[in-house]
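Here is a short note on the aromatic side chains of a predicted model. Please read it with the structure open.

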Amino acid sequence: MSAIVPITIYHTNDLHSDLTQWTSAVSYLKAQRRFHDKKKETSLFFDIGDHTDRSHVVTEATRGKGNVELLNEAEISHVTIGNNEGITFSRQELGSLYEKANFKVLLANLFDEQGKRPEWALPYDVIETKEGIRMGLIGITIPFYPFYNELGWDIQDPLMLLPGILEKVKAQSDIVVLLSHMGLDYDEEIAESFPDIDVILGAHTHHLLKEAEVINQSLVAQSAKMHIT
């Protein structure tokens, strides 16, 4: 009989630069990190996009780099971008946004006009927990085609890209986790279509699932706007 290994995932999403909430959120995340470290358990901390919103003076004045500093302070390990990062900053601003990030940006479906992914983003990452479990992490964002195209990006349908990426990730991983800034309807469609994805952590449409859904063997979680799950 194999032992049950607890792995706890915390994620923030759709903060929209509501920085009044961020201090208490970070205090909670740090307390949870200490709690799991004391128990020698693995805990993971992600952000799933729309952390920035240019309606806030800090974000506007720093072109989002102040938000990156906040994510660094919270010791977030991986993020994907939302539409607020992707289409409210110029291509040059987005290109420099994560220069000082201490975390990895996962974004599988954004390319430049030459078909290359930006240097600041990875389609996926594979990490190994202290218990020896290999976790494949993939990031995708909502493809608002006209806006990205106007900015000089080639945003692609992640559902078309996922089969090829999943083949690579699944070969290296025991568990596959999708960081999705796509919205609940898309996440449910992905779960139906890709049973090799074990966990889908979703954002964008601000839905709150008090109990995660299990769809076609995939666990789908949504935590509304700036909730901690």
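**Aromatic rings and their partners**

1. Start with Arg33. Its charged end lies over the face of Phe45. The distance to the ring centre is 4.0 Å.

2. A second arginine does likewise: the charged end of Arg91 sits over the ring of Trp153. Here the distance from the ring centre is 5.0 Å.

3. Trp153 also has aromatic company. Together with Tyr98, Phe103 and Trp120, Trp153 forms one aromatic cluster. When you view this cluster, keep Arg91 on display, since its charged end is over the Trp153 ring.

4. How many aromatic pairs are there in the model? The count is six, with ring centres within 6.5 Å as the rule. One of them is Tyr10 with Tyr28. Their ring centres are 6.2 Å apart and the planes meet at 75°. An angle over 60 degrees counts as edge-to-face, so this pair is edge-to-face.

5. Where do Tyr10 and Tyr28 sit in the chain? Tyr10 is in strand S1, residues 7-12. Tyr28 is in helix H1, residues 22-38. The two are 18 residues apart, and the pair links distant parts of the chain.

6. Are these two tyrosines buried or exposed? Tyr10 has 5% relative accessibility and therefore counts as buried. Tyr28 has a relative accessible area of 37%, so it is partly exposed.

7. Phe144 and Phe147 are another edge-to-face pair. Their ring centres lie 6.4 Å apart, with the planes at 70°. Phe144 is partly exposed, at 28% relative accessible area.

How values were computed
Residues numbered from 1 in each chain as written. Predicted model: local features only at pLDDT ≥ 70, side-chain atom pairs only at ≥ 80, totals over all residues. Heavy atoms only, no water. Phe/Tyr/Trp six-rings, centres within 6.5 Å; stacked < 30°, edge-to-face > 60°. Helix = DSSP H or I, 4+ residues; strand = E, 2+ residues; numbered from the N terminus. Buried < 20%, exposed > 50% of the residue type's maximum accessible area, 1.4 Å probe, protein only. Lys NZ or Arg CZ within 6 Å of the ring centre and 35° of its normal.
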